[in-house]
Amino acid sequence: MNGTTVIPIAPEDRGMAVMTHLSGLAGYIVPLAGVVVPTIIWITRKDQPVISAIARQAVLLNVGVFVAAICGFMLALTIILIPALIIAGIVIAVAAVILPVIGAMKANDGVYYKYPVVGANP
């Protein structure tokens, strides 16, 4: 895969890896759950480096989306930047949903998926 090392996920950890990727999406149902649930997994699964790294990625992705939303709200106050803000908002929203789903599918196949920008190695 483009010269990168493929990090395997043990068969017994695949279910937890999938749930950890998807736990970041919990914040779209229950406020703050997208950060709280992966943080709990990160803390409780320190002995499993792959699961811990996936949880860390989920937390960083959700915190990054939150920071981008705050910055976007502040930029919305300037009328000139609203078109750029709309495009950036759509891209960030799609990435925030698609990246965990891709990660969950890869984890189900037994392959560790590193998110772009906020990805972490186990």
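1. Lining of the largest cavity, by class. In this predicted model, the residues that line the largest cavity comprise seven nonpolar and three polar ones, with no charged residue among them. The lining is made up of His-21, Gly-24, Leu-25, Tyr-28, Ala-58, Leu-61, Asn-62, Ala-96, Pro-100 and Tyr-115.

2. Where the lining comes from. Helix 3 and helix 4 are the elements that give two or more residues to the lining of the largest cavity. Helix 3 has the largest share, three residues.

3. Cavity count and volume. How many cavities of 30 Å³ or more are there? The count is one. The largest cavity holds about 30 Å³ of space.

4. The largest nonpolar core. Twelve residues form this core: Ile-9, Ala-17, Val-18, Ile-41, Val-50, Ile-51, Ala-53, Ile-54, Ala-55, Ala-104, Ala-107 and Tyr-112. At least two core residues come from each of helix 1 (14-23), helix 3 (49-75) and helix 4 (82-108). Helix 3 is the main contributor, giving five residues. As a general point, nonpolar side chains in soluble globular proteins tend to be buried together.

5. A second core. Apart from the largest core lies another one, of five residues, including Leu-61, Leu-99, Tyr-113 and Tyr-115. Two of these names recur in the cavity: Leu-61 and Tyr-115 belong to this core and also line the largest cavity.

6. Contacts of Ala-104. Which residues does Ala-104 touch, not counting those up to four places away in sequence? They are Val-18, His-21 and Leu-22. Of these, Val-18 is a member of the largest core, as is Ala-104 itself, while His-21 is part of the cavity lining.

7. Secondary structure. The protein has four helices and zero strands. Read from the N terminus, the order of elements is α-α-α-α.

8. Range of contacts. Taking contacts between residues at least 6 apart in sequence, 67% of them join residues at least 24 apart. The contact of Ala-104 with Val-18 is one that links residues from two of the helices supplying the largest core, helix 4 (82-108) and helix 1 (14-23).

9. Overall extent and burial. The C-alpha trace spans about 50 × 35 × 20 Å along its principal axes. The protein has 122 residues, of which 31% count as buried.

10. Exposed surface. About 7400 Å² of the protein is exposed, and 76% of that area is supplied by carbon and sulfur atoms.

Notes. Residues numbered from 1 in each chain as written. Predicted model: local features only at pLDDT ≥ 70, side-chain atom pairs only at ≥ 80, totals over all residues. Heavy atoms only, no water. Core = buried A, V, L, I, M, F, W, Y, C linked by side-chain atoms within 4.5 Å. Buried < 20%, exposed > 50% of the residue type's maximum accessible area, 1.4 Å probe, protein only. Contact = heavy atoms within 4.5 Å. 1 Å grid on protein atoms, 1.4 Å probe; cavity = no way out; pocket = protein on both sides within 12 Å on 5 of 7 lines; lining within 4 Å. Points joined across faces, edges and corners; volume = space filled by probe spheres on them. Nonpolar A, V, L, I, M, F, W, Y, C, P; charged D, E, K, R; others polar. Areas by Shrake-Rupley, 256 points an atom, 1.4 Å probe, with all protein chains shown as cover.
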